[in-house]
Amino acid sequence: MGYNWNWGVLLQPVATGEGATYIGWILHGLMLTAALTFSAWLLALLVGTCFGILRAWPSRLCDAIGATYVSLFRNVPLIVQFFIWFFVVPEVLPTAIGDWIKSITPSTQVFVVSVLALGFFTGARICEQVRAGIAALPDGQTQAAHALGLTLPQAFLLVRAVPLVMLLLWFFLIVPQILRTVFGLSPSVDIRLVSAMVAFVLLESAFFAEIIRAGILGLSKGQFHAAAALGMGRYQAMRYIILPQAFRAMLPIMMTQCIVIFQDTSLVYVISLGDFFRNTVSIGERDGTLVPMLLLAGAVYWVICSGLSGLVRALQKRTAT
Amino acid sequence: MIELKSVSKWYQDFQALKDCSVTVGKGEVVIFCGPSGSGKSSLIKLVNGLEDFQSGDILYKGKSIRSRDVRLPELRRRIGMVFQHFELFPHLSVLGNLTIAQQKVLKRDAAEAEHKAMGLLDRVGLRAHAGKYPSQLSGGQQQRVAIARSLSMDPEVMLFDEPTSALDPEMINEVLAVMVELAQEGMTMLCVTHEMGFARQVADRVVFMDAGSIVETGDCAAFFVAPRSERARDFLGKLLR
Ligand SMILES: Nc1ncnc2c1ncn2[C@@H]1O[C@H](COP(=O)(O)OP(=O)(O)OP(=O)(O)O)[C@@H](O)[C@H]1O
Ligand SMILES: [Mg+2]
């Protein structure tokens with residue numbers, strides 16, 4: 001492979017001096033990741049539960065407030081939210097508070113911003129679970145417990161945002177080496193897009209596998225028995241009886257996952273792939289118009305994603321009957 | 001036609017069936033009854049291999065269903081089964097429910113399968129509902145579709161596992177009427193049911209089960225008039241009250 005791996009660098013001192021090594025730096029980052037994940041998860045649970053209760057409250061206004069929160073924070077990609085919390089929020093707050101925020105040490109500032117962004121983003125998803133949990137209550141305790149139990153996977157959703165960045169970087173570094181070796185490509189061929197695709201496909205297919213598994217397990221044993229009793233083999237039962245039902249039940253979730261992927265694509269920012277988001281930011285940086293550009297990016301994601309969400313809801317209504 | 005020879009079955013370490021032996025001849029109608037949890041469903045599902053057993057043997061037309069050259073799907077398409085909760089395929093229309101296995105398992109062409117299906121729907125009085133989906137039918141109608149679906153495979157034997165116990169009382173008779181007709185045409189039937197009126201009308205024999213064992217097997221008339229075992233007397237007493 002043409003790449004010059006230099007793991008030794010990990011043990012070398014950081015270029016800025018201060019006596020730290022690169023590995024220490026990475027471990028420090030890992031600690032920060034853990035702290036970030038945990039803090040944001042707590043915040044998400046808290047915020048999500050509050051808004052979820054609001055949404056289930058028998059009052060139009062409360063429901064509308066909750067719905068607005070969910071719509072805003074669910075339909076704008078996480079990384080756009082990071083940028084907005086970081087660059088835009090201090091500007092629009094009253095000058096005194098804005099100045100005070102800017103006076104905090106930068107590292108604390110970034111940490112707080114990250115927790116806020118992750119917390120509110122994931123909170124929007126948890127909110128919906130809580131609402132579903134409350135709505136299901138009259139229909140029986142089990143359903144409610146089940147729906148509330150779903151808040152746990154939300155924690156994974158949160159953790160996931162970090163590994164996806166890792167995956168992207170890994171594939172950006174490793175896949176090109178393999179492809180170049182196997183296909184003898186010249187180093188000038190740009191394969192960032194392929195790297196990104198591989199990372200996304202691997203990650204999302206793992207999710208879909210779980211979704212479909214749940215869909216199949218959700219079918220009663222009776223359907224398997226009925227298919228078998230008619231003389232269908234395993235393959236036939238799967239193909240004609242089980243999967244059509246599982247897919248139908250899972251379609252809304254699969255489409256929702258698709259919206260999540262759409263938002264997560266903005267993470268290719270980290271490998272300098274010029275997607276919509278990165279280019280918008282580049283323009284903002286070049287022209288000194290970062291604030292309006294970030295707001296524009298958020299608005300565009302919101303319009304597209306909430307449109308798609310509306311489609312999913314319509315579909316859900318149709319399959320429910 | 002079907003012979004169970006001292007069959008025992010365990011779910012993990014719980015013994016659900018103990019040494020059960022029953023013989024069902026061609027054209028016979030045998031009723032299985034007994035308290036909840038006595039193993040009726042487990043026993044009847046052994047016959048078409050939906051559940052397996054650990055000791056004993058089951059012969060179908062004189063041949064062990066465990067012998068190497070018996071393929072389970074092949075066996076099952078000869079044995080129809082009707083379930084307590086109907087188990088119609090919700091994503092298929094009534095007609096689709098009746099044709100899918102004919103086409104995919106028996107390889108009948110679409111026209112032939114449809115012709116057969118419509119004939120059977122006529123027979124259970126549901127021709128007008130062919131285009132509907134299962135969720136649009138009443139429980140009694142769904143169960144009649146389920147019976148028609150089994151019959152579409154031209155079975156040699158029919159298994160019924162409490163076919164009317166999930167139905168409202170006013171719908172029970174429409175399902176029993178179809179079953180009586182089947183019995184009178186000479187179908188071999190194994191029925192788990194507590195419908196004693198139905199049993200009296202068509203059953204050749206009654207098998208009474210309790211706690212995984214066959215307690216009593218008897219001629220239908222004799223069983224109802226004078227059950228030999230204490231437990232059967234108890235059970236019948238509760239049923240009639
Ligand atoms: N999959 C299973 N795993 C473990 N135990 C089981 C399983 N299925 C049935 N059993 C147990 O085996 C026993 C017999 O069950 P079975 O369903 O055959 O009874 P049944 O006579 O059909 O009862 P019912 O009238 O309630 O339908 C019961 O005690 C039941 O708890
Ligand atoms: Mg049963």
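## Salt bridges in chain B

Let's start with Asp69(B), which is exposed, at a relative accessible area of 56%. Here, buried means under 20% relative accessible area, exposed means over 50%, and partly exposed covers what lies in between, using a 1.4 Å probe and protein chains only. Asp69(B) pairs with Lys63(B) in a salt bridge, and their closest N and O atoms are 2.8 Å apart. A salt bridge is taken as a side-chain nitrogen of Lys or Arg within 4 Å of a carboxyl oxygen of Asp or Glu. Lys63(B) is partly exposed, with a relative accessible area of 38%. In general, side chains of opposite charge can pair when their charged atoms come close.

Before going further, please note that residues are numbered from 1 along each chain as its sequence is written, while chains are lettered from A and ligands numbered from 1 in the order in which they are written. This is a predicted model, where local features need pLDDT of at least 70, side-chain atom pairs count only at pLDDT 80 or more, and totals for chains, interfaces and linings use all residues; side-chain values use heavy atoms, with hydrogens and water left out.

## Within and between helices

Over all chains, the whole structure holds 17 salt bridges. One of them joins Arg77(B) and Glu74(B), at 3.6 Å from N to O. Both residues sit in helix α2 (residues 72–78) of chain B, three residues apart, so about one helical turn separates them. Helices are DSSP runs of H or I with at least four residues, strands are runs of E with at least two, and both are numbered from the N terminus. Arg77(B) is partly exposed at 23% relative accessibility, and Glu74(B) is partly exposed at 29%.

Arg144(B) and Glu174(B) form another salt bridge, with their closest N and O atoms 2.9 Å apart. This pair links distant parts of the chain, 30 residues apart: Arg144(B) lies in helix α5 (residues 139–151) and Glu174(B) in helix α6 (residues 169–184) of chain B. Arg144(B) is buried, with a relative accessible area of 12%, whereas Glu174(B) is partly exposed at 26%. Elsewhere, shared salt-bridge partners join Lys61(B), Glu74(B), Arg77(B), Arg78(B) and Glu156(B) into one network.

## Around ligand 1

The shell around ligand 1 includes Tyr11(B), Phe14(B), Pro35(B) and Ser41(B); a residue counts as near if one of its heavy atoms lies within 4 Å. By class, the shell has four nonpolar, six polar and two charged residues. Ala, Val, Leu, Ile, Met, Phe, Trp, Tyr, Cys and Pro count as nonpolar, Asp, Glu, Lys and Arg as charged, and the others, Gly among them, as polar.

Oxygen atoms of ligand 1 have several partners: a backbone N or O atom of Gly39(B) lies 2.9 Å from one, a polar side-chain atom of Lys40(B) lies 2.8 Å from one, and a polar side-chain atom of Glu162(B) lies 3.1 Å from one. The protein covers 63% of the 630 Å² of accessible area (Shrake-Rupley method, 1.4 Å probe) that ligand 1 has on its own. Elements giving two or more residues to the shell are β2 (14–24) and α1 (40–47) of chain B, and α1(B) gives the largest share, three residues.

## Annotated regions of chain A

An unreviewed UniProt entry annotates "transmembrane region" in chain A, with residues 66–88 and 291–312 among the stretches covered. UniProt positions follow the numbering used here, feature names are shortened, and annotations may be inferred rather than shown by experiment.

In the model, residues 66–88 of chain A are 87% helix and 0% strand, with end C-alpha atoms 23 Å apart. Residues 291–312 of chain A are 100% helix and 0% strand, with end C-alpha atoms 32 Å apart.

Technical notes. Polar contact = N/O pair within 3.5 Å; in protein donor to acceptor, adjacent residues only side chain to side chain.
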